Amino acid sequence: MKVKVLSIPVLDQAKALTFYTEILGFVKKVDVPLSEDSRWLTVVSKEEQDGPEILLEPSPKHFEPAKTYQKSLFEAGIPYTQFNVENAQEEYHRLSNLGVAFSIKPTEMGTVKIAVFDDTCGNNIQLVEML
Amino acid sequence: MTFYQSEIQRIKNSCYANTTQIQKVIATRNYIEEHFDKPLNLDRLSNVGFISKYHLLRLFKRYYGQTPMQYLIDKRLEKSKKHLKNGMSISETCYLVGFESPSSFSTLFKKKTGSKPSAFQKKQFSQSRSITDF
């Protein structure tokens, strides 16, 4: 078995695609229409385009328990997903300048530095820099 | 304060209170990052860090979740993938990232990535060619 696709639940796929590509810098990989209002839509890291794909999955829109779960995680400040970065402080400045809201500013936690931001699609995302 | 923020604070206080230990293992990791292409072993790392090798082994595993040698192997393999993607030969890549024999490099590479270095390189070339052709 290989890890190829991981899901991030999003309320609005078009808005999520804009955020994940234009703000975070990911690259769109697969975009297949499935119905009138949903697509099989994946993005990959620009530096690792043959790496795992993130499926921007519209489950909160179609499946009430997914919406409830996402909302509860968000309200508790819990990040559903994390991305590794070379420098958390620099990424924090870059994203803050683009208007991204952080619930946790870069903070050292032993051998890592973490920061948590709102992806505007219903999720907290954690950045991790290994120290 | 959210639940997660309070958990972060709790974990920080309970698991990461010993800053001396943490600085030691971070320094060891930085040394591996800078010298991964040199002959490294636990003796060398413990001498550099002025720490007994068994203590270093225990601390590194506790804070990074893997042994220094596992970390070193992952680092070398990550670097080797970049060189192979850029078209470097397998033996040149092997020595450049610090492995001592192409056959053991090849075996380890297959175990960790699922493909031999030659197959990995071939796949990279065919992918980049198909993008160019397109």
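These legends accompany several close-up views of a predicted model with two chains, A and B.

**View 1. Chain A combines helices and strands.**
Welcome to the predicted fold of chain A, which has four helices and eight strands. Walking along the sequence, you meet them in the order β-α-β-β-β-α-α-β-α-β-β-β. The radius of gyration of chain A is 15 Å, close to the 14 Å that the globule rule gives for 131 residues, so chain A is as compact as a globular protein of that length. Along the principal axes, its C-alpha atoms fill a box of roughly 45 × 35 × 35 Å. Of the 131 residues in chain A, 29% are buried. If you like contact maps, take the contacts in chain A with a separation of 6 or more: residues 24 or more positions apart account for 50% of them.

**View 2. The largest nonpolar core has 14 residues.**
In soluble globular proteins, nonpolar side chains tend to be buried together. Within this core, A:A16, A:Y20 and A:L56 touch the most other members. Helix α1 (13-23), strand β3 (38-44) and strand β4 (53-57) of chain A each supply at least two of the core residues. With four residues, α1(A) gives the most to this core. Zoom in on A:A16 and, once its neighbours within four places in sequence are set aside, you find it in contact with A:V10, A:L56 and A:C121. There is also a second, separate core of eight residues, and its members include A:A88, A:I104, A:A115 and A:L127.

**View 3. A:Y20 sits in helix α1 of chain A.**
Is A:Y20 buried or exposed? It counts as buried because it has 24 C-beta neighbours inside 10 Å, where 20 or more are needed. Which residues does A:Y20 contact, leaving aside its neighbours within four places in sequence? They are A:F26, A:V43 and A:L56. A:L56 also appears among the contacts of A:A16, and A:Y20, A:A16 and A:L56 are the three residues that touch the most other members of the largest nonpolar core. For a sense of scale, follow the chain from A:Y20 to A:G110: the two are 90 residues apart in sequence, and their C-alpha atoms are 29 Å apart in space.

**View 4. Chain B is built with eight helices and zero strands.**
Its pattern along the sequence is an easy one to remember: α-α-α-α-α-α-α-α. Chain B has a radius of gyration of 19 Å, whereas a compact globule of 134 residues would be near 14 Å. Its C-alpha trace spans about 55 × 40 × 20 Å along the principal axes. Of the 134 residues in chain B, 18% count as buried. Among contacts between residues at least 6 apart in sequence, 48% join residues at least 24 apart.

**View 5. Helices α2 and α4 of chain B cross at about 90 degrees.**
The axes of α2(B) and α4(B) lie 10 Å apart. The two helices are therefore roughly perpendicular to each other. On the α2(B) side, the residues that meet α4(B) are B:Q21, B:I22, B:K24, B:V25, B:T28 and B:R29. Their partners in α4(B) are B:L56, B:L59, B:F60, B:Y63 and B:Y64. Sorted by class, this contact has seven nonpolar, two polar and two charged residues.

**View 6. Helix α3 of chain B also packs against α4(B).**
Here α3(B), residues 42-49, and α4(B), residues 53-64, pack at an angle of about 95 degrees with their axes 9 Å apart. That angle makes α3(B) roughly perpendicular to α4(B). B:L42, B:D43, B:L45, B:S46 and B:G49 come from α3(B), and they meet B:K53, B:L56 and B:L57 in α4(B). By class, the contact has four nonpolar, two polar and two charged residues. B:L56 takes part here and also in the contact of α4(B) with α2(B).

**View 7. Chain B meets chain A through 14 of its residues.**
Those 14 residues are in contact with 10 residues of chain A. On the chain B side, α1 (3-15), α2 (19-35) and α4 each supply at least two residues. The largest share, seven residues, comes from α1(B). By class, the side of chain B that touches chain A has 11 nonpolar, two polar and one charged residues.

Technical notes. Residues numbered from 1 in each chain as written. Chains lettered and ligands numbered in written order. Predicted model: local features only at pLDDT ≥ 70, side-chain atom pairs only at ≥ 80, totals over all residues. Axes fitted to C-alpha atoms, helices over the stretch in contact; angles between N-to-C directions. Parallel < 35°, antiparallel > 145°, perpendicular 65-115°, else oblique. Contact = placed C-beta atoms within 7 Å. Nonpolar A, V, L, I, M, F, W, Y, C, P; charged D, E, K, R; others polar. Rg over C-alpha atoms; globule rule 2.2 N^0.38 Å. Buried ≥ 20, exposed ≤ 12 C-beta atoms within 10 Å, placed from the backbone. Core = buried A, V, L, I, M, F, W, Y, C linked by C-beta atoms within 7 Å.
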